[in-house]
Number of protein chains: 2
Amino acid sequence: MNATDIKRVLIGKPFPTSREIHERLDKTRALAVFASDPISSNAYATEAIMGVLIVLGSGALAMTLPLAMGVAALVLMVIFSYIQTILHYPDGGGAYTVAKDNLGMYPSLLAAGALLTDYILTVSVSVSAGVRALTSAVPEAFDYRIAIAVFAIALITWINLRGVRESGTVFAIPTYAFVAGVMLVIVIGLVRYTGLFGLEPLQEHHEVVEAERSVVGFAYIWLLLRAFAGGCTALTGIEAISNGVQAFKPPESKNAAKTMVAMGIIAMSLFVGITFLSTHMKLVPSHEDSILSQMTRGVTGGGFLYYWVQLFTALILFLAANTGYQDFPRLSSFLANDGFLPRWMKNRGDRLVFSSGIVVLALISSLIVVVFQADEIAMLPLYALGVMLSFTLSQAGMRRLMGEVGKLKPGETKFTGVTTIHFENGWRWKRWVNTVGSIVTGIVFVILITTKFIEGAWIVALAIPLLVWMFRSIHNHYKNVAEALTTERMAEEDLVDVANVAVVPIADIHRGTLRALQYAKRISSDVRAVAIATTPQMRQRIEERWARFPNLTTGVTLKIVDYDYRDILTPLVDYIEHVNQKEFPDKLITIVIPEFIPENMAARLLHNQTATILRARLRSTNDVIVIDVPYHIE
Amino acid sequence: MNATDIKRVLIGKPFPTSREIHERLDKTRALAVFASDPISSNAYATEAIMGVLIVLGSGALAMTLPLAMGVAALVLMVIFSYIQTILHYPDGGGAYTVAKDNLGMYPSLLAAGALLTDYILTVSVSVSAGVRALTSAVPEAFDYRIAIAVFAIALITWINLRGVRESGTVFAIPTYAFVAGVMLVIVIGLVRYTGLFGLEPLQEHHEVVEAERSVVGFAYIWLLLRAFAGGCTALTGIEAISNGVQAFKPPESKNAAKTMVAMGIIAMSLFVGITFLSTHMKLVPSHEDSILSQMTRGVTGGGFLYYWVQLFTALILFLAANTGYQDFPRLSSFLANDGFLPRWMKNRGDRLVFSSGIVVLALISSLIVVVFQADEIAMLPLYALGVMLSFTLSQAGMRRLMGEVGKLKPGETKFTGVTTIHFENGWRWKRWVNTVGSIVTGIVFVILITTKFIEGAWIVALAIPLLVWMFRSIHNHYKNVAEALTTERMAEEDLVDVANVAVVPIADIHRGTLRALQYAKRISSDVRAVAIATTPQMRQRIEERWARFPNLTTGVTLKIVDYDYRDILTPLVDYIEHVNQKEFPDKLITIVIPEFIPENMAARLLHNQTATILRARLRSTNDVIVIDVPYHIE
């Protein structure tokens, strides 16, 4: 069973290129596919706010609700602004595309770097949070959380490498089950809160945490800003619809816009509802038991509904991780196509998915899970940063685009290079929306990076510029290669001459070397057999055997170099370089290497790899053409 | 700093082959060089006997002395028998050589396998015992003994890779210092024992060990045999002189024989002396404190002389390990030269030493040290086995040789293939010595393997036949290769025809592919450019660019294969195999691969390794000549 067979078993047989199809989703299914990421943020967003406030003691947790409402307002504003993007980029308007189309290369690379880090973190954070939903319900599994998380990533990777298409129905079940479950918990919680229907009122959490410190003035505001920054993780994933407008049934843009609004309303209702109940119940963040788990247990008493919510929390989080597997490889392939990432990330694999992007994503996100020990709360300071930067850039791009729209006369159209625009009424107002969106998310980005810098945001603040630098370097490399290889302005005479010389390194005279000599004589009239003799016996032996094949050796120069060391490669390469640089400068010379190929790998260990090493050393020598004349044993 | 530079710093610059010289040793220095291994056995041989007897309690240790004297008698007999070998094989008569010359291939391979395992264990056992001599004196270091032992092996390996010659003087210091130190301790001990000169009588060890079991009859004899087998480790290394007769000043054989006798007398005096005093002092073996250390401390009171003995015990043991570094690579190179080990073990490295044999020895002996946790007493059951088998075979060979000597007429000489023999008086008597030697060591071998089987001898009993099987397989492989490559009975017309066809796989038309096409046209009039088009755009692009170079493409067939998968190698290899097997069966065909070489390793990661992978796949295809036409970027 060789490597190819193993691949077949794991991944399945290859799909033909023509099989590639685009599934169209109705709004119900589309909501499930695209909303799993933002809706699943509810598993940790409230907790991210509380985790900051708790240093002031249990009392300060009351500030969670106002902050959550601030986040919700931000979300609705971003959604409003993104609807513009959806309507103007019906073929998909990710931040990279919009920035490239309107702001130029560097802003687009900045957006790309931000999004790539965001997609990687989507996987790490969502999988870790999903595992925590499970270990909250089954505390015995807590010690194995890293292994479970890595296994979950491996499973999601495997499914994606097999190329199972985004199936709306499969996504719909956990998403709607999660929404329904949490909604039900919130409703029961509110009913118990109000004391209607004679239900037992909610119990307040008994644990009281003392303040670690008391702060006033600027320090207090700083803490509130940090808590707000934590809540901004609720914004991750809301840009996904703008990438996938083409997945909607016609009219694509309108359906996508409507779905985005519905998504925002659902996600924010859950967020505010969860936050309201948790703060009312005076819940305290705990490493082992998530806030959502504590709240659900408090409201339901820990029965069937509790396990339902925990199970579908885990599932929707794994689905959210899966969206990273859609977005990262797709954006990588765009970037590779534009020459900013290695070209092999552009190509689809056997199953028509971007396999290399999937594998790169799996490796990096697993590494993050291991480094952060599957603690998603510790990863959150890294998380919202990338998405906020891409919001800022994408909306700044939209602002520029609306300005272009305003310059057009009614009835006139213009192609920007990506999309077609025409005059619109109210363009000033729309531009104002994008301007405000860009400024607000820009301010939030600054808040995020300053308040979370020491906690880990510095990693992303370092990673994004490094990525941009890498994109540039790769781009320059490909540009150089293209220039070196281009046939533009090239006359056919430009090609380098081939010298009429063939050097045949030989260690002995046997059928393999004779075959190589025979071939060399066919292609050149100046054939030179070169042997390095490390002992007088070796010289004598070669001379004797040489004389036995007059037909073949006539007209061939035999050059035996006596050498007082055992490393025969050095004098061989020296001779070849002499021929190349002194005898035939500016021409291609030919080296014919006789190589006998043993019957199997074990047998290869029994032979000097002289031919292989020689070929590797000649690779770096310019203007040398290497001919392998193999001689198979058995 | 590349790999070659690092090698230069570590190993030093290469020596020319002509620098190889053979140092001649006088008897004093020769004794030091060759005797370090057998003399150093005194560090553990007594203990190996006691370690078995102790299960019967302290009282049974009294049997140590008679057993040690039995071992001493065996040693003297073996030495007596080996003198025959030295006199008849003046060029060096190791067991492998003698068995090959007299008994045939399989006995010689058996001897070779036995010796190789013995040499490996010489390193593991001697280094571990040397470290124990140090940790007996400095108990704090006991916990680090494995690391110290591995470091010592690394150091010895490094010294040997640099190729420091066996310097008689360097060897002489620790060997004679050890002998003098231990002799002095024995003399003081005997004086104190006899009570002469008014010295304080020796104190008896106070610790009394109860019998774990009491045995009678056969079980008792079995235990005595096991104890005797343990003592046989004192025999290891006494064959070394027979390998190195050429290192002596003339008359080589006579000097070697005299040295061997001196070595035997010194080694056995120490052995019997140490054993006598240890049993008289009622010492008990201990894991942390060796018997030699206990005895020396008891006799000297632990002062300067104690540390002197411990230090030179460690040093002589490291020298003994060093003899493994002389013997193993030399025997490996003999075997490689005869085609029983990989050919690269035959060659001397940059510093004229058999570098690959040294590295192989270092790796295996380190592994054993780690597995046995640097406990040489635990390794001893594996140790003497190989040496005893090689004694048996070598003396059986000598018996056969003496028979040949007896068949000659006085004055007649005969060349056996290795050595020249002539009639000798007393050949019957000499043959009888070898016969007895062979039988006795054969019996001891059977005792060793049966009594120590469960304790570890099974490993060697398994390893030696496996080695013989490996030697045979390697030999068969080289025989097959030689037969496939031989030019004997070969007419010049036997060479396979080269088909007048050149296939050029192309992915695009650029300077690299044009250069390859140009080269292909030079060497063939039937050039076929093959492109695999995975999209219609790709086909169109290639056709358009093709038309731009009429001079170059005229007369070249362009074959574009439409392919609905992304893996372009499969249809390419399919086409090449079709040309090879259908169009030109029984002929060599030529594939010209255009390959552009990026400027550095990092840049290589940015390109598909299609050319490399294609070349690797074509390697297994018979009758395909591969031409690499490189195009260097920058």
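## How the two copies sit

Take chain B of this predicted model, turn it by 180 degrees with 0.1 Å of shift along the axis, and it lands on chain A with an RMSD of 0.2 Å. The two copies are therefore related as by a two-fold rotation axis.

Where does chain B come nearest to that axis, going by C-alpha atoms? At B:Ile627, whose C-alpha is 2.2 Å from the axis. Both copies use the same surface: 100% of the contact residues of chain B turn up again in chain A.

## What touches what

On the chain B side, 62 residues are in contact with 62 residues of chain A. Several elements of chain B give two or more residues each to this side. The helices are H17 (453–485), H18 (511–523) and H20 (550–553), and the strands are E6 (587–597) and E7 (624–632).

Which of these gives the largest share? That's H18(B), with 8 residues. Sorted by class, the side of chain B that touches chain A is made up of 30 nonpolar, 17 polar and 15 charged residues.

## Strand to strand across the interface

E7 deserves its own look. Strand E7 of chain A (residues 624–632) pairs with E7(B), running antiparallel over 3 bridges. If you want a spot to click on, A:Val626 stands opposite B:Asp628 in E7(B).

E7 of chain B is also one of the elements giving two or more residues to the side that touches chain A.

Definitions and conventions. Residues are numbered from 1 along each chain as its sequence is written. Chains are lettered from A and ligands numbered from 1 in the order in which they are written. This is a predicted model: local features need pLDDT of at least 70, side-chain atom pairs count only at pLDDT 80 or more; totals for chains, interfaces and linings use all residues. Two residues are in contact if their C-beta atoms, placed from the backbone, lie within 7 Å. Helices (H or I, at least four residues) and strands (E, at least two) are DSSP runs, numbered from the N terminus. Ala, Val, Leu, Ile, Met, Phe, Trp, Tyr, Cys and Pro count as nonpolar, Asp, Glu, Lys and Arg as charged, and the others, Gly among them, as polar. Two strands pair if DSSP finds at least two bridges between them. Copies are superposed by least squares on the C-alpha atoms of residues with pLDDT of at least 70 in both.
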